[in-house]
Every structure is written in structure tokens, then in C-alpha cells.
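Ready for a few warm-up exercises? Have a look at the chain below, then try each task before you read its solution.

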Amino acid sequence: MEIRVLQYFLMVAREENITRAAQLLHLTQPTLSRQMIQLEEELGVALFHRSNHRVTLTEEGMLLRRRAQEIVDLADKTKIDIQRREQELSGTLTIGAGELLSSQVLAKLLAGFRARHPLVSFQLYSAQADDIKERIEQGLLDIGLVPEPVDKTRYLFLTMPVTERWGALVQEGSPLAGKQSLSPEDLCGVPLLLPQRELIHRELAGWFGPHWEHLQVVGTGNLLFNQAVLAREIPDCCVITLWKLDTRFPGMAFVPLSPQITGSSLLIWKKAETFSPVTSAFLRHARAYLSGMETHPNQVFDREAPPV
């Protein structure tokens, strides 16, 4: 399969019309139709349901669309990485990050790097850790910022100088909002929204102990905003989440867990990977920057516990 043909396929899938797609691609309709037929013959499957005025994807076509988009994105990223000026670093750094307290450190890292290399741009991808790691494995992200636990045999990493703390986002009118901290007993019988990651479930199961099997779990989620919106609408609902600096949700308050659940976050990248000059330069910058933060952490971040 040629990348050019995959680009044609994605255009047809988007437009659901061969004639309109051909116009946008500056091709004749017969030429584009022939390319799609040849692609189907090459793969040995039908990619489209065809009618007089519309084409829609078959199940195999929908699978190819997902894979084709990843391939085209990776090809575009590779092209951008290698097309740089000889004397001045330029290109795009793709980085994934979860909703973490250490995101503020990452922001300072990126800002400092771009101050040195103004032709560099960033492509930021927000998601949970498992999604970020999958995209690193696929080559769609250069680097990821994720909370522990992480399989350190698969990645090289830098530890962020920030302590991530778990707590509950509770409704301000709830009796729980007036507490200094929340115990497992406090959260029994309360409607809960939990993180999606299975590894986090195991950690929370250890914290809840015998109460884990009797929790009233409303659902799970991967990013906080929609969970917080939903929790506001369900009476007495709470969201178990990491504390995020300067994140405010009207009508909701953050209360830490007790005993505390804390952990580290890591800047990770794939082992045995050949990086673009931009990525290599950023990793050198990150090592130097974080090394300085280990000596003077409070110049960048106040590591005290979150206010309640």
C-alpha cells in the first residue's frame, strides 16, 4: 500500500462520495475509482458499500481508516522531523500527557526549550497513561508524561520532582466537603466515579481494603472534566482523582485521602529508539532542567500538600 493511495482512501471515506473526493484531490473520478478498486483487490476485501450517490465503509473499511490515519500521521510527522534548517533546530515534538500535577513542570520545560529553539513547535496529546504508552509504541508520540506504575523495562524515563496525591472531588454541599481528609469508611455507600486504569484499581483496592467489594461505583472515566460535570448531577457523587493544581470545578471541592496515596510521575520514551534532532535535543534539555530542579525544587513548584 502506498501512502498516497491511503490518503486518497481517507478522502473518500470522509466525503462518502467519489466525485467530490476526486475534485478535492484534483483527480478524475475514473482515476480515483480505479485506485480504490485496486486497493480492495490488493487487500482482498471490500472496503465500501456503493450506491448511486454515496459510498460508505464496510467493517473492513472502518478498520483500514483507523490504521490508515495512523500511518499517514506517522509519515507526516517523520517528514516534518527531517525537513529542518541546517543551522537552526526546527520541527515538531509530539508529547502525550495525563492530567497531572507535574504538567506544570512539563509546561515550564517546553517553554524553556522553545525559548532556545523558536522554530520548534509542539503537538500535545491529552489522554490516560495506557493510551499514551500505546501511541509511544506505535511511534505516534515521542515522549509521554504518565503517573506510576510504569513498566520500566520497556521505557527510559526521567522522574518528575513532584509528588502526585490522590483525593476525592466532592460536592460542596456534601458533609464530606467539610472534612480535612477522607477515609475508606467515609466513601462507603457514596456514589463514586473511578479512574479507568486497571493498575489504579489495584492500588485503590489495597487502600479501600475490605470495603472495595462493597463500593457503589457509578462508572469510570479517563479524564477529569467530564467526570466532574457528571458528578455534579448525581446526588452525593464523588470522583476519585489525582489533585490538579489550579483546577477548579464550580460546586466541587477536592479533599485528600487518608491514609495518603501518593506517587511519582515519569517522563518516558521508548528504549532503543532513533530520535529526530528535535526530540534528542529536548531530552538533553529535560535532563539538565530536572537535574537543577532536584537541587532547588521550590523555585519552580511548591511541593506542599494541596489546600483543603
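**Exercise 1.** Find which residues N17 contacts, leaving aside its neighbours within four places in sequence, and decide whether N17 is buried or exposed.

Solution. Keep in mind that this is a predicted model. Start with the contacts: beyond those close neighbours, N17 meets V12, H53 and V55. Next, place N17 in the fold: it sits in the loop between helix 1 (3-15) and helix 2 (18-25). Finally, check the accessibility: N17 has a relative value of 16%, and buried means under 20%, so N17 counts as buried.

**Exercise 2.** Describe the stretch covered by the UniProt annotation "domain: HTH lysR-type".

Solution. First get the range: according to the unreviewed UniProt entry, the annotation spans residues 1-58. Then look at the make-up of residues 1-58, which is 62% helix and 10% strand. Last, go to the two ends, where the C-alpha atoms are 19 Å apart.

**Exercise 3.** Work out which residues join L43 in a nonpolar surface patch.

Solution. Begin with L43 itself, which belongs to helix 3 (residues 29-43). Its relative accessibility is 35%, between the 20% and 50% cut-offs, so L43 is partly exposed. Now add its partners: M1 and V45 complete the patch, and the three together have about 230 Å² of accessible area.

**Exercise 4.** Locate L176 and say whether L176 is buried or exposed.

Solution. Look in the loop between strand 7 (164-171) and helix 7 (184-187). With a relative accessible area of 10%, L176 is buried. Not counting residues up to four places away in sequence, L176 touches several residues, including V170, L187, C238 and V255. As for A127, 49 residues away along the chain, its C-alpha atom is 29 Å from that of L176.

Terms used:
Residues are numbered from 1 along each chain as its sequence is written. This is a predicted model: local features need pLDDT of at least 70, side-chain atom pairs count only at pLDDT 80 or more; totals for chains, interfaces and linings use all residues. Side-chain values use heavy atoms; hydrogens and water are left out. Helices (H or I, at least four residues) and strands (E, at least two) are DSSP runs, numbered from the N terminus. Buried means under 20% relative accessible area, exposed over 50%, partly exposed in between (1.4 Å probe, protein chains only). Contact means heavy atoms within 4.5 Å. UniProt positions are given in the numbering used here, feature names are shortened, and annotations may be inferred rather than shown by experiment. Patches are made of residues with over 30% relative accessible area and no salt bridge: like charges are joined within 9 Å, nonpolar side chains (Val, Leu, Ile, Met, Phe, Trp, Tyr) within 5 Å. Accessible areas come from the Shrake-Rupley method with a 1.4 Å probe; for residues, only the protein chains shown count as cover. A salt bridge is a side-chain nitrogen of Lys or Arg within 4 Å of a carboxyl oxygen of Asp or Glu.
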